[in-house]
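This report describes a protein chain from its overall fold down to two individual sites. Please look at the sequence and the model first.

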Amino acid sequence: MINSFLGLVTNCWFLKLVTGGSLVQINQEMLSINLAIMEVIYCLLSPLLVLNIIVFVNQTILRCSWYIYGLVNIGRPFFQSCICVERYLAVVHPVVFLRYKPLRYRVACSALVWLATLILAILYGLNPCIEFTATIFIIVLITDVFCCISILLVLRRDGPGEGMKDRNKDRKNGGKTMKDRASQTVLIILAIFAINYIPVIMGAVAYYIGISSWSYDCVVMSLTFSFCLLGSFTQPLLYLHKAGKLPCC
């Protein structure tokens, strides 16, 4: 419930800031907007799913909950991966990024991701299993790690006219270069991916090892989804921090 509240507040705040800005800003954050919309839908419905488990115990709602969980657990890594690939193209392949920068390409990409997410969520709802999401997470994690490492390697290089003297001068003055700040952002995103997805992958491994059903249901699954649910508000928090809207951080 706490996760739903934080996710709802941060994602709604993010949507308000982005949609209230210019068309250029909306274009730049198109993938993040779709991700936030998906998170808001989940945060609004998740209290009903919890009440159904505790109070109602309705099988129809329980069946629908698997589709909703599938929608978020599949759609979130897909959109996060698209955002990561977009940043990768902007840094490593800027010519390709500029070619596909117009809004129509981002809208088409978002539509394809929604379609793939809906199809896979239906398949997950028909046969919910942790191996299904773990396979998707492994593919997404490999993609994200490759993009983040490639971005870091490019950011660590000296650009034209930039040398170690300039960097050392900035650090002596107590400041950070733009590349340093960008590198820190990429490392934070990579850490978020690891925290969100690796526990789910380890949960699938524990299932194949043959851990007892009580330990699996009450310990492994609880910890797995607890880490995974943190992803609903980490992305908007990063944006709000970058925009200077979190004075406490």
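A contact here means heavy atoms within 4.5 Å. The model is a predicted one. In the protein chain, residues 24 or more positions apart account for 78% of the contacts with a separation of 6 or more. The secondary structure consists of 11 helices and zero strands.

Whole-chain values are listed below.

| Property of the protein chain | Value |
|---|---|
| Buried share of the 249 residues | 39% |
| Exposed area | about 14,000 Å² |
| Share of exposed area from carbon and sulfur atoms | 72% |

The first site is a charged residue. Asp 144 lies in helix α7, which spans residues 130-156. Asp 144 is buried and has no salt bridge. The nearest side chain of opposite charge belongs to Arg 76, 11 Å away. A salt bridge would need a side-chain nitrogen of Lys or Arg within 4 Å of a carboxyl oxygen of Asp or Glu. What polar contact does the side chain of Asp 144 make? Its partner is the side chain of Ser 81, at 3.4 Å. Leaving out residues up to four places away in sequence, Asp 144 touches Gln 80, Ser 81, Cys 84, Phe 193 and Tyr 197.

The second site is on the surface. Leu 48, Leu 51, Ile 54, Val 55 and Phe 56 form a nonpolar patch there, and together they have about 500 Å² of accessible area. Leu 51, one of these residues, sits in helix α3 (residues 30-56). Leu 51 counts as partly exposed because its relative accessible area is 42%, and partly exposed covers the range between under 20% and over 50%.

How values were computed: Residues are numbered from 1 along each chain as its sequence is written. This is a predicted model: local features need pLDDT of at least 70, side-chain atom pairs count only at pLDDT 80 or more; totals for chains, interfaces and linings use all residues. Side-chain values use heavy atoms; hydrogens and water are left out. Helices (H or I, at least four residues) and strands (E, at least two) are DSSP runs, numbered from the N terminus. Buried means under 20% relative accessible area, exposed over 50%, partly exposed in between (1.4 Å probe, protein chains only). Lys and Arg count as positive and Asp and Glu as negative; His and the chain ends are not counted. A polar contact is a pair of N or O atoms within 3.5 Å; within protein, one must be able to donate a hydrogen and the other to accept it, and residues adjacent in sequence count only if both atoms are side-chain atoms. Patches are made of residues with over 30% relative accessible area and no salt bridge: like charges are joined within 9 Å, nonpolar side chains (Val, Leu, Ile, Met, Phe, Trp, Tyr) within 5 Å. Accessible areas come from the Shrake-Rupley method with a 1.4 Å probe; for residues, only the protein chains shown count as cover.
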